[in-house]
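I opened a fresh page for this one and kept my notes short. Here is the structure, followed by what I looked up, in the order I got to it.

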Amino acid sequence: MNTKHRLQDAIIWRFQRHIPVILSGILHFLIILSFLTPLSSWGQATKLPRKAKVEAVLYKNADMVGLGYRYKEQFVENQKVEFFKLYKASEYKIEKKKGKYYVAGRDKMIPVTSLEPLLQGTYFTTNDLSYIEGEWHPKEKSMYQGTFLISDAGNGIRPIDIQEFCIETNKATLSGENLGNITDYQLEIEFTGKDIKKLKCEFPKDVIIEKVSEEPKDFYANQQTGWRIIYDCLLQIEQKEIPVNILFKNGNQFTGNIRLDSGNNVIPNKGICKYVTGETFNGIYEDIFWDSRNGTIHIPTQGTMTFTDGTVAQGDWLKQYGLKKEDWSTLYKKGDSPTTIRDKAARKQQLTEAKRSQELEEQRKKQAELRKKQEQERQKMLRRQQLIAKYGQHYGPLIEKGELELGMTTAMVNEIWSQDFFDRSEAIEYGQRIELWTFNEEKMNMAIAKKEDGETELLAMLFIDGLGEMFGISGITKKDIPYQLVFTNRRLTKIIR
């Protein structure tokens with residue numbers, strides 16, 4: 001499609017939306033007539049008239065200056081024309097000196113070509129209206145390519161058909177390109193923030209052209225105009241649920257819809273997020289962070305997470321690990337993937353459970369030892385009471401302590417040192433019954449083994465130093481074993497060690 005046909009389509013489209021039906025019909029009639037005009041009149045190069053000269057024209061009401069070849073007080077069609085910004089142009093006049101044009105004010109004279117460029121391109125007319133097909137810079141870091149209506153009224157320049165544009169602000173850079181139809185742009189927004197790098201989508205032309213057309217006459221005012229256009233685009237994307245592709249600065253990619261938060265920041269909403277580490281989340285996308293308001297690690301929960309190992313989780317898959325704030329600082333490092341976070345949480349849980357099991361086992365052992373000690377104390381007290389009841393207040397405590405004393409009966413001594421540990425013999429001397437107990441270690445070992453329900457002699461020997469405890473007597477060891485005991489008439493009369 002050549003320039004003339006594209007312009008005519010754009011004019012029809014724009015005026016149909018903004019003028020009454022009657023005027024629209026008249027415009028259509030005029031445009032149909034213009035189709036009869038030979039293409040060479042503006043679609044091809046026009047021969048420069050012999051008397052055409054470069055001249056500067058002051059557009060006082062539009063705050064700009066035009067510079068190009070003119071003939072009969074008109075710019076020559078299909079020739080390059082440049083327009084420059086001139087703030088308060090009504091206070092200046094055009095002067096020519098030594099072949100150069102100047103804008104002259106009360107106290108200064110400025111070369112036209114040193115002014116800030118505004119619009120440049122090929123000039124042509126249609127239906128007595130003037131147009132430029134070229135590049136427009138309405139303000140710093142803003143560029144539009146397309147077809148523009150030129151006049152000395154209002155803003156002076158009105159976009160009719162924008163083919164390509166780029167608007168740069170401190171928050172984001174907006175760029176777009178005509179998709180080859182009359183309705184849509186391929187839109188791209190590159191952000192300067194820390195999270196989102198780029199947003200792309202197919203976007204209707206309405207917002208761009210309408211907001212550009214509302215540029216203030218004073219080009220040095222309203223420095224937020226560029227961001228207003230970007231914001232209006234984002235607002236339309238949100239409200240119309242236009243699908244977008246988002247590239248995060250960490251490499252993650254999101255496809256779906258967006259929403260704007262209270263600070264007009266772009267928040268990926270419902271869609272699919274493909275993490276650079278290999279995971280995929282399908283649902284309401286959210287960042288992973290520590291939520292101090294709820295005291296939990298915040299992850300996307302309204303959807304399905306597919307991990308790198310192929311496993312799938314829904315909802316809050318971190319909740320099961322019961323993580324605390326102190327866990328967050330060790331669990332998450334910048335760049336960690338959902339799979340890494342999950343695996344760290346699982347390992348921490350395993351370590352925590354193992355540690356808890358160990359603590360429970362140690363606690364169980366301590367409780368068992370305490371119960372054993374309490375039972376020993378109870379048995380000791382019970383034995384003391386039984387010995388006192390059986391042998392009296394004098395001998396009972398001595399037997400309980402394992403102390404031998406002359407005068408004890410064989411029954412008392414047997415309570416301390418089992419007669420099974422000794423070789424025993426008896427004799428009658430001078431009418432008295434003499435009984436001799438001689439220690440036999442082998443018999444002691446056999447008695448211990450029997451006491452231990454069949455434990456081997458070697459194992460039994462390990463318990464020799466605990467003889468007193470084993471046989472219910474406290475405070476005695478192997479070194480306390482008497483070598484020989486002598487009883488006269490069943491009373492202990494001699495102790496040989």
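**Strands first**

I began with β14 (residues 196-204) and β15, which pair in the antiparallel sense over 4 bridges. This is a predicted model, so I read every value below as computed. To fix the register, I looked up K200, and its bridge partner in β15 is N245.

Next I followed β15 (residues 244-248) to its other neighbour on my list, strand β16 (residues 253-260). These two strands also run antiparallel, joined by 4 bridges. Here I noted V244, whose bridge partner in β16 is G256. β15 and β16 make a hairpin with 4 residues between them. In that turn I found G251 with a positive phi of about 100°.

Which residues of β15 sit on its covered face, and which on the uncovered one? I wrote down V244, I246 and F248 for the covered face. N245 and L247 make up the uncovered face. So my two register markers split: V244, the partner of G256, is on the covered side, while N245, the partner of K200, is on the uncovered side.

**Salt bridges**

I then turned to charged side chains, and the count came to 15 salt bridges. K200 turned up again here, linked with E188 and K198 in a network of salt bridges.

I picked K85 and E116 for a closer look; their side chains meet at 3.3 Å, N to O. K85 lies in strand β4 (residues 80-85) and E116 in the loop between β7 (109-111) and β8 (117-126), so this pair ties together parts that are 31 residues apart in sequence. Is each partner buried or partly exposed? K85 is buried, with a relative accessible area of 4%. E116, at 32% relative accessibility, counts as partly exposed.

My second pick was D309 with R342, a salt bridge of 2.8 Å, N to O. D309 sits in the loop between β21 (303-306) and β22 (312-314) and R342 in helix α6, so the pair ties together parts that are 33 residues apart in sequence. I checked exposure again: D309 is partly exposed at 46% relative accessibility, whereas R342 is buried at 13% relative accessible area.

R342 has another entry in my notes, a salt bridge with D343 whose closest N and O atoms are 3.0 Å apart. D343 counts as partly exposed, at 27% relative accessibility.

**The helix that falls short**

R342 took me to α6, so I looked up its span. Helix α6 (residues 338-401) has 64 residues, yet its end C-alpha atoms are only 68 Å apart. A straight helix at 1.5 Å a residue would reach 94 Å. Where does α6 bend? I found a bend of about 135° at G392. Just after α6 comes G402, which takes a positive phi of about 80°.

**One last look at the surface**

I finished with a nonpolar surface patch of about 210 Å², made by L48, V54 and Y69. Y69 lies in strand β2 (residues 64-71). Why does Y69 qualify for the patch? Its relative accessible area is 31%, and patch residues need over 30%, so Y69 passes that cut-off.

Terms used: Residues are numbered from 1 along each chain as its sequence is written. This is a predicted model: local features need pLDDT of at least 70, side-chain atom pairs count only at pLDDT 80 or more; totals for chains, interfaces and linings use all residues. Side-chain values use heavy atoms; hydrogens and water are left out. The expected span of a helix is 1.5 Å times one less than its number of residues. The bend at a residue is the angle between axes fitted to the seven residues ending there and the seven starting there. Patches are made of residues with over 30% relative accessible area and no salt bridge: like charges are joined within 9 Å, nonpolar side chains (Val, Leu, Ile, Met, Phe, Trp, Tyr) within 5 Å. Accessible areas come from the Shrake-Rupley method with a 1.4 Å probe; for residues, only the protein chains shown count as cover. A salt bridge is a side-chain nitrogen of Lys or Arg within 4 Å of a carboxyl oxygen of Asp or Glu. Buried means under 20% relative accessible area, exposed over 50%, partly exposed in between (1.4 Å probe, protein chains only). Two strands pair if DSSP finds at least two bridges between them.
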